[in-house]
Amino acid sequence: MHTMKNKVIVGIVAILAIVGGVIALSQIKVNKQKSVASGKIQIVTTLFPLYDMAKNIGADRAEVSLLMPPGVEPHTFEPKPTDIVRINEADCFVYTGKFMEPWAEDIIKGITNRKLIVVDASKGTRMIPAVFPDEDEPAGALDPHIWLDFDNAKIMARNIAQALELRDPADKAFFKQKADDYNRKLSELDAAFRKTLNACKSKEIIYAGHYAFGYWAKRYGLRYVAAQGVSPDAEPTAKDLARLVDQIKKNNIHYVFYEELTTPKIAETIAGEANAKLLLLNAAHNLTKDQFQRGVSFFDILTADLENLKIGLECR
Ligand SMILES: [Zn+2]
């Protein structure tokens with residue numbers, strides 16, 4: 001399955017390398033005019049947290065776009081040929097890392113834009129092993145949801161700032177200041193999480209979605225049980241669901257958390273069986289169309305999550 005996918009991507013990249021050469025020649029003039037017109041660094045990001053970071057750090061010196069259309073589930077996202085062209089035409093391409101975007105490596109190899117600065121945001125972060133509910137765990141797989149560990153998020157923000165500095169060295173102090181501001185907000189949020197989650201009746205998050213919050217469990221000393229593994233591509237089995245319902249009943253849990261961007265059908269089934277209520281816990285992979293238009297931030301999502309955790313885990 002994956003090999004097939006990779007072959008298709010390699011094929012697309014190969015074709016683009018040829019077509020791209022021709023387009024690159026014919027479009028040099030057009031691109032130059034575009035960048036001269038705005039004078040801003042063109043940044044293409046994959047996931048929403050990277051978009052939010054790049055927007056805040058690049059501020060008025062950058063134009064940031066999100067590769068994934070709003071509402072799209074990122075684990076099953078595959079770039080279209082037009083997306084590859086977009087990456088090729090940017091100044092900076094920021095992706096989370098090979099465990100989140102396994103397709104990125106092949107695309108990067110096929111890039112003809114020699115000036116493109118590629119940012120693997122996971123560089124220097126501390127990753128934890130990926131968790132799957134069943135035994136089919138691929139050896140060496142790491143949990144891709146690194147932005148939810150706020151120390152990792154700070155490293156990601158710094159990686160982005162360094163790339164912008166590489167592109168525009170004259171603005172080094174500006175980008176550093178913006179990254180520091182962003183990271184100060186992350187520290188404040190981290191402190192709020194720690195304080196709130198230290199004073200809860202329950203320490204157990206039952207998640208009717210994929211295994212996205214392993215970093216929070218580790219960081220804040222919580223137990224975390226999810227219906228699916230680190231990617232939501234496989235439907236949970238009846239056994240998985242029964243395991244969750246048992247857990248809820250056994251531990252007298254009153255709330256089940258559900259994930260963003262998917263139908264809450266699994267969550268409704270579990271909550272119904274276990275007589276529990278539902279609360280959203282949003283891992284911020286991507287926004288809905290409506291959230292995107294309203295300009296919802298990474299911090300807005302995480303603050304709302306903390307409010308729901310406070311209710312669901314019965315914190316003081
Ligand atoms: Zn995920």
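**Burial, contacts and backbone angles in a predicted model**

Modeller: Among contacts in the protein between residues at least 6 apart in sequence, 65% join residues at least 24 apart. Please bear in mind that this is a predicted model.

Biologist: What makes two residues count as being in contact?

Modeller: Their C-beta atoms must lie within 7 Å. By that criterion, and leaving aside neighbours within four places in sequence, Y207 is in contact with F213, Y224, V225, A226, A227, F257 and L281.

Biologist: Which residues have the most contacts inside the largest nonpolar core?

Modeller: They are I160, Y207, F213 and V256, in a core of 78 residues. Helix α5 (residues 150-167) provides the largest share of this core, 8 residues. The core also draws at least three residues from each of domain 1 (2-125 + 133-189) and domain 2 (194-312).

Biologist: Why is A59 called partly exposed?

Modeller: A residue is buried with 20 or more other C-beta atoms within 10 Å, and exposed with 12 or fewer. A59 has 17 such neighbours, so it counts as partly exposed. A59 lies in the loop between α2 (48-58) and β2 (62-66).

Biologist: What is notable about the phi of A59?

Modeller: Phi of A59 is near 45°, a positive value in a residue other than glycine. L261, which is not a glycine either, has a positive phi of about 65°.

Biologist: How do you know that L261 is neither buried nor exposed?

Modeller: L261 has 17 other C-beta atoms within 10 Å. That value falls between the cut-offs of 12 and 20, and therefore L261 is partly exposed. L261 lies in the loop between β7 (255-258) and α9 (265-274).

Technical notes: Residues are numbered from 1 along each chain as its sequence is written. This is a predicted model: local features need pLDDT of at least 70, side-chain atom pairs count only at pLDDT 80 or more; totals for chains, interfaces and linings use all residues. A nonpolar core is a set of buried Ala, Val, Leu, Ile, Met, Phe, Trp, Tyr and Cys residues joined through C-beta atoms within 7 Å. Helices (H or I, at least four residues) and strands (E, at least two) are DSSP runs, numbered from the N terminus. Domain bounds come from an automatic or database domain assignment.
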